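Visitor: I would like to learn how to read a structure like this one, feature by feature. Could we begin with the words used for exposure, and then work through the chain?

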Amino acid sequence: LKMRGSIHDKGIREFTIDGKGMHLGRKFRNVTGILAGTPVHVSPSDVEMVWSMMEEDKKSTGRKAPNLAERRATERRKR
């Protein structure tokens, strides 16, 4: 989750640990709140609705979401 400067899989996967080691499972899909400890299943239609709402907001305000580099630069300026 904290790897920087490298191309890596950013998906959150199910995993198990047993006597033979760690085993990665499939990626979680349509689930939110995993890292917060409150996972909630979200239907694909709900995900699509939220994305379309975000697109509409972006069109109406003319703003785009800041990318990671822009957010880091803003945080550095605040310090």
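Guide: Let us begin with exposure, where buried means under 20% relative accessible area, exposed means over 50%, and partly exposed covers what lies in between. Please keep in mind that this is a predicted model. As a case, Asn30 has a relative accessibility of 31%, and because that value lies between the two cut-offs, Asn30 counts as partly exposed.

Visitor: Where does Asn30 lie?

Guide: Asn30 is found in the loop that runs between β2 (21-27) and β3 (31-32).

Visitor: What should I notice about the backbone of Asn30, and what is its phi?

Guide: The general idea is that most residues other than glycine have a negative phi. In this structure, Asn30 has a phi near 60 degrees, which is a positive value in a residue that is not glycine.

Visitor: Stepping back to the whole chain, how many helices and strands does the secondary structure come to?

Guide: The count is 2 helices and 4 strands, and, read from the N terminus, the elements follow the order β-β-β-β-α-α.

Visitor: What share of the 79 residues in the chain is buried?

Guide: Buried residues account for 1% of the 79 residues. The accessible surface of the chain is about 7600 Å², and carbon and sulfur atoms contribute 56% of that surface. As for contacts in the chain with a separation of 6 or more, 5% of them are between residues that are 24 or more positions apart.

Visitor: How should I read the pairing of two strands, and in which sense do β1 and β2 pair?

Guide: Pairing is read from the bridges between two strands, and here strand β1 (residues 13-18) pairs with β2 in the antiparallel sense over 5 bridges. The two strands form a hairpin, with 2 residues between them. To follow the register, one can note that Thr16 has His23 in β2 as its bridge partner, while Ile17 stands opposite Met22 in β2.

Visitor: Which residues does His23 touch, leaving aside those up to four places away in sequence?

Guide: His23, which is in strand β2, touches Glu14, Phe15, Thr16 and Asp18 when those sequence neighbours are not counted. With Asp18 there is also a polar contact of 2.9 Å, which joins the side chains of the two residues. His23 has a relative accessible area of 33% and is therefore partly exposed.

Visitor: Is Met22, also placed in strand β2, exposed or buried?

Guide: Met22 counts as exposed, because its relative accessibility is 52% and the cut-off for that class is over 50%. Residues up to four places away in sequence aside, Met22 touches Phe15, Thr16 and Ile17.

Visitor: Turning to the surface, which residues make the nonpolar patch?

Guide: The patch covers about 530 Å² and is made by Met49, Val50, Trp51, Met53 and Met54. To enter such a patch, a residue needs over 30% relative accessible area. Met54 has a relative accessible area of 45% and so is partly exposed; as for its place in the chain, Met54 is in helix α1 (residues 44-61).

Notes
Residues are numbered from 1 along each chain as its sequence is written. This is a predicted model: local features need pLDDT of at least 70, side-chain atom pairs count only at pLDDT 80 or more; totals for chains, interfaces and linings use all residues. Side-chain values use heavy atoms; hydrogens and water are left out. Patches are made of residues with over 30% relative accessible area and no salt bridge: like charges are joined within 9 Å, nonpolar side chains (Val, Leu, Ile, Met, Phe, Trp, Tyr) within 5 Å. Accessible areas come from the Shrake-Rupley method with a 1.4 Å probe; for residues, only the protein chains shown count as cover. A salt bridge is a side-chain nitrogen of Lys or Arg within 4 Å of a carboxyl oxygen of Asp or Glu. Buried means under 20% relative accessible area, exposed over 50%, partly exposed in between (1.4 Å probe, protein chains only). Contact means heavy atoms within 4.5 Å. Two strands pair if DSSP finds at least two bridges between them. A polar contact is a pair of N or O atoms within 3.5 Å; within protein, one must be able to donate a hydrogen and the other to accept it, and residues adjacent in sequence count only if both atoms are side-chain atoms.
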